[in-house]
Amino acid sequence: MLRCPLQLVRLRLPVRQLSDLTTKFTGLGSFSNLNYDQLQSSLRTDSSQCEQFWKLIGEQQLNWMQPFHTVSDCDLKSAKIAWYLGGKLNASANCIDRHLATRADQTALIWEQDEPGNQVYITYKQLHAEVCRIASLLLQSGLQAGDTAVLYMPTGPPVVYCMLACARIGVAHSVVFAGFSAEALAARIQDVGAKVVITTDQAIRGGKTVELKRTVDAAVKSCPMVERVFVSTRTGASVPMGSIDVPLEKNAAACSADCAAEPMDSEQPLFVLYTSGSTGKPKGLVHSTAGYLVYTSLTHQHVFDYRPGQDIFGCVADVGWITGHSYVVYGPLANGGTTLLFESTPAYPDVGRYWETAERLGLTHIYLSPTSLRMLLRYSTDFVTKYDLSRLRVLGCVGEPLNHEAWEWYHRWVGGGHRDIADTWWQTETGGVCIAPRPSAEGAPILPAMPMRPFYGLEPVLMDPATGAEVTESPAEGHLCMRRPWPGMARSIWGDHKRFAETYYSQFPGLYFTGDGASRDAQGFLHITGRVDDVINVTGHRLGTAEIEDALDSHPAVSETAVIGYPHKLKGEAVYAFVILKDGVSIDRLGDLRRELKRRVRDRIAAYAVPEKLLFTDGLPKTRSGKIMRRILKRIAAEDYDSIGDISTLADPSVVEALKQHHDLYQ
Ligand code: PRX
């Protein structure tokens, strides 16, 4: 394989693009014609400049039904975050209606179906009609502004219609990734208090069908608050329809294609999206209407250098994750762009699928996960080089640290050695990209395998977890926090603001704590080292170790468990479960138990949460006060025995030796 040198790779942008970078803010008062470095330094040194910047950006990015009177009212010490107060707007109108005068016949969505070659193009005019019909239907069903609806649907036009239909009438949507189990879905429906669930008969992915309606049926049995289940048709298979079930498309077709967009307050929740935390209960992060839309549209434009009317944005994420919300739906549509809805997998029908799709649809951008790159680079590069990728301009990636090998492969084989790689760092909580190589000043270098630079107005800081003080020197490492608020950040955890404040704003008062560790090099560029809490990142999906422990502990044969993440070549991290069984459980049953426990995790959470390794043990490394030393388990799982360190403070140090031996046996 051809390897790029790991030192600085200088990527010079074409002249046209350079001039764009320095003039993007034309018409933005004193910020016009500033380049990245100048703008950042002006925003960092002067809060009033920051306020002025976000004011002008807010006015420029969105159509307001009533102008805002206050740019921001934030106090991170008390987890108070509010932007664009006094303003009224509608997210659906900003993503559709305002483009109709100039872009009615432009493609808004390209649905790349599971079987290659079956793409469907939807214009802004069609999008408007479909969204209005569904919004009318939802209103008829009794939903009103302030309610919530859960969407359990595959990536495709209907889920986008439903998201925007909810936004149109002021209903907060909560999209639940369609790979979650019935139990996980039920927990989210109950937590968000949804009266309405919208689902699909079946999903199709990688040639396989997935029974979504049946999963919803199982979930709603324990959700008495659900009054109506709308069922969209994907395969047309016959699925059981009960008294609360209503076919979506058939009923929407009879509704008006004209439905007024409701003026909503800036801070009205646009959606709730669940993600894993360090306790067993997933958190429903709440995102606002105005700040979120301002931030996703701005980052979509500047991080990816997106040009509406010319570019086709190919974010292959599932709509059920934040990446899908921000860069499949809201960012691209708020910008009047053309966005891809990718229903398939990177390996179906073969590992050239992304590149075949990119050629056939003429994608100018592709935005994917490091996990998929790590999988694809194991195959012949012919799967890439046989396609014409000359239209691709920007290659993005998100979700986990992008290792050097994957970066180089992406850059060399997909990027022809010269296209920009945007390794973007962000989170469900941040709403949009916070750290990425672009935008940046003229000729600025892009270094392999690090997101590098904060977005406009953001101020990452590294904190020392031991002292709680800021680490100011460089190079250095620390816990990654953000000093300044930005419009796209989450506002709360649904129904639990206290947990929100404790999770993100208590460890380092006055700062947003990301839960990630980071290092800063001598030039000030940032590299993310991974989670520093009990959250693990499996194939780019977040999982709380406590969530998996709860599922395992619920088995009657289990006494205690400890779950950790360990480095995995393909998945980034994989799940390792240490399990202590109850006294008297027959050793002959271990094979069955292993299967039952894995099944339990699949049923309670999702397939991707199932432990890759599961070790039955008699003891766990605990302190004398009974706290499990996960650090030690992590070292054992990674076979990094030399750095296990001092074990003399453990209640029973001999446990460590036993675990090492069992782990070896297990390999
Ligand atoms: O650990 C970081 C990792 O993914 C976490 C956020 O996960 P989630 O909320 O599911 O959102 C993923 C998509 C935005 C972060 O705390 N992460 C995300 N991007 C990167 C990353 N780690 C390293 N490099 C990245 N570019």
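**Entry 1: conventions.** I began with the rule that two strands pair if DSSP finds at least two bridges between them, and with the rule that helices (H or I, at least four residues) and strands (E, at least two) are DSSP runs, numbered from the N terminus. I am working with a predicted model, in which local features need pLDDT of at least 70 and side-chain atom pairs count only at pLDDT 80 or more, while totals for chains, interfaces and linings use all residues. Residues are numbered from 1 along each chain as its sequence is written, and side-chain values use heavy atoms, with hydrogens and water left out.

**Entry 2: the mixed sheet.** I followed an open sheet of 7 strands in the order 5-4-17-16-18-19-20, whose pairing is mixed. Strand 5 (120-123) and strand 20 are at its edges and have a single partner strand each, so one side of each is left without a neighbour in the sheet. Neighbouring strands here are turned by 20° against each other on average, direction ignored; the axes are lines fitted to C-alpha atoms, and angles run from 0 to 180 degrees between N-to-C directions. Inside this sheet I looked up strand 18 (residues 365-368) and strand 19 (residues 394-398), which pair in the parallel sense over 4 bridges, and I noted that leucine 368 has cysteine 397 of strand 19 as its bridge partner.

**Entry 3: the ligand.** I then listed the surroundings of the ligand, where a residue is near if one of its heavy atoms lies within 4 Å, and found 17 residues, the closest being Asp423, Thr424, Thr428, Arg531 and Arg542. For polar contacts (a pair of N or O atoms within 3.5 Å), I noted that a nitrogen atom of the ligand is 2.8 Å from an N or O atom in the side chain of aspartate 423, and that a ligand nitrogen is 2.8 Å from a polar backbone atom of threonine 424. Glycine 399 places a backbone N or O atom 3.2 Å from an oxygen atom of the ligand. Of the 550 Å² of accessible area that the ligand has on its own, the protein covers 96%, by the Shrake-Rupley method with a 1.4 Å probe. Helix 12 (322-334), strand 20 (420-424) and strand 25 (526-531) are the elements that give two or more residues to the shell.

**Entry 4: the antiparallel sheet.** Strand 25 led me to an open sheet of 4 strands in the order 21-22-24-25, with antiparallel pairing. Its edges are strand 21 (460-463) and strand 25, each with a single partner strand, so one side of each lacks a neighbour in the sheet. The twist averages 45° from one strand to the next. Strand 21 is joined to strand 22 (residues 476-482) by 4 bridges, and proline 460 has methionine 482 of strand 22 as its bridge partner.

**Entry 5: backbone exceptions.** Which bond is cis in the loop between strand 21 and strand 22? I found that the peptide bond joining serine 474 and proline 475 is cis, with omega about -5°, and that proline 475 sits in that loop. The bond from tyrosine 348 to proline 349 is also cis, with omega near -5°; proline 349 lies in the loop between strand 17 (338-342) and helix 13 (353-361). Aspartate 305 is not a glycine, yet has a positive phi of about 50°, and I placed this residue in the loop between helix 11 (290-303) and strand 16 (312-315). I noted these because most residues other than glycine have a negative phi, and most peptide bonds are trans.

Technical notes. Polar contact = N/O pair within 3.5 Å; in protein donor to acceptor, adjacent residues only side chain to side chain.
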